[in-house]
Amino acid sequence: ALRVLTGITTSGTPHLGNYAGAIRPAIAASRMPGVESFYFLADYHALIKVQDPARVQRSTLEIAATWLACGLDPAAVWFYRQSDVPEIAELNWLLTCVAGKGILNRAHAYKAAVDKNASEGVDEDAGISAGLFMYPVLMAADILLFNANKVPVGRDQVQHIEMARDFAQRFNHLYGEHFVLPEAAIEDSVATLPGLDGRKMSKSYDNTIPLFVPKSELKKLIAGIVTDSRLPGEAKDTEGSALMDIFRAFANAEESAAMAEAFKQGIGWGDAKTKLVEQIDREVAPMRERYEALMAKPQDIEALLRDGAARMRAQYATPFMGALREAVGLRDLS
Ligand code: ATP
């Protein structure tokens, strides 16, 4: 079977970008025959960016409820919280010991942080945690523990999958063939949604449109999307328009073409925003109702997550980790 793995960092409230870019395609993929899906709440990853325990906890609940509201069937897939699986942290160490530091030096997220420090004239490692530096190793552990062979990612994540392959190859070379080399499934059809400020919509930029805000709030947020100063009657550019980009993610080809034509014909920004609200709400409203019902029973979500991790560990993580421990010369605890 094809093993597909998707994680979302528990660093804030899930947004339209997480939905269109990860959740919707992952749920569609899980319904394909011959696919075994792994979905996890990446709370160890969240600690790299968020040092607010209440935020991590709230986000964990929100992201779990979002997956369920969007149609994930917990009986048909593996659904777990990363930190409920101690084997991930353990494998993280084994991989740390085979990961080349020079490779990690080249990781995009770390390099971007170093470059930012350089441009600001401060010490190049100022404010950078070893967690940020080591992030690709933890991601490799997430993937390799399940021998996931397909990892759907955006272009910016391809490098991390290549690093996971590299660590896996090195481990296999030293200790025998334990790991399948994972491949990135690049989702080119999935656009990166811009946020309210025009940058990538991201939980850590606080520029998001949360997926399940009430419709009245959705209206307010969309009213805040930055547009140019063209008046009604003046033709608008679809290229580089955040409004158009978000619209496309919630529309079929025909509806997108009609909206592009309306832009050309000079639709007013107010009208365009109203259309966008309706377009999103049509898809989101039924899921929003389920989300609210789920959020009212956090203890049910908690029980589901614990059960998911327990079953998954028994099936995969614990025995595999035992074999890996033995392979490197440690005691098999399984
Ligand atoms: P953080 O700021 O904590 O990294 P994020 O909101 O940028 O959070 P992640 O949790 O890292 O997102 O990513 C979860 C999934 O959502 C990934 O598959 C990622 O590609 C996708 N995703 C995140 N932001 C967007 C976006 N703006 N457009 C499309 N997909 C996105």
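A residue counts as exposed when its relative accessible area is over 50%, as buried when that area is under 20%, and as partly exposed in between. Keep these cut-offs in mind as we walk through this structure, which is a predicted model.

**Two cysteines and a glutamate**

Let us begin with Cys97. Its relative accessibility is 51%, and because the cut-off for exposed is over 50%, Cys97 counts as exposed. Cys70 has a relative accessible area of 11%, so this residue falls under the 20% limit and is buried. As for disulfides, the structure holds 0 of them.

Glu255 sits in helix H11, which covers residues 253-264. With a relative accessible area of 22%, Glu255 is partly exposed, because that value lies between the two cut-offs. Glu255 also has a partner to look for in the 3D view: Gln279 is 24 residues away in sequence, and the two C-alpha atoms are 9.4 Å apart in space.

**Around the ligand**

Next, find the ligand. It is surrounded by 18 residues, and the closest are Ser11, Lys49, Ser202, Lys203 and Ser204. By type, the shell is made up of 5 nonpolar, 10 polar and 3 charged residues. Some side chains place a polar atom a short listed distance from a ligand oxygen atom, as shown here:

| Side chain | Distance to an oxygen atom of the ligand |
|---|---|
| His15 (N or O atom) | 2.7 Å |
| Ser202 (N or O atom) | 2.7 Å |
| Ser204 (polar atom) | 2.2 Å |

Taken alone, the ligand exposes 600 Å², and the protein buries 85% of that area. Two elements give two or more residues to the shell: strand E1 (2-9) and helix H1 (16-30). Of the elements, H1 gives the most, with 4 residues.

**Helix H3**

Finally, turn to helix H3, which runs over residues 53-69. How far apart are its end C-alpha atoms? They are 24 Å apart, and this agrees with the expected span, because 17 residues at 1.5 Å a residue should also span 24 Å. Many side chains are worth picking out along this helix. Its buried residues include Val56, Ser59, Thr60, Glu62 and Ile63. Further along, Ala64, Ala65, Thr66, Trp67, Leu68 and Ala69 are buried too. Just after H3, Gly71 takes a positive phi of about 110 degrees.

Note on methods: Residues are numbered from 1 along each chain as its sequence is written. This is a predicted model: local features need pLDDT of at least 70, side-chain atom pairs count only at pLDDT 80 or more; totals for chains, interfaces and linings use all residues. Side-chain values use heavy atoms; hydrogens and water are left out. A residue is near a molecule or strand if one of its heavy atoms lies within 4 Å of it. A polar contact is a pair of N or O atoms within 3.5 Å; within protein, one must be able to donate a hydrogen and the other to accept it, and residues adjacent in sequence count only if both atoms are side-chain atoms. Accessible areas come from the Shrake-Rupley method with a 1.4 Å probe; for residues, only the protein chains shown count as cover. Ala, Val, Leu, Ile, Met, Phe, Trp, Tyr, Cys and Pro count as nonpolar, Asp, Glu, Lys and Arg as charged, and the others, Gly among them, as polar. A disulfide is a pair of cysteine sulfur atoms within 2.5 Å. Buried means under 20% relative accessible area, exposed over 50%, partly exposed in between (1.4 Å probe, protein chains only). The expected span of a helix is 1.5 Å times one less than its number of residues.
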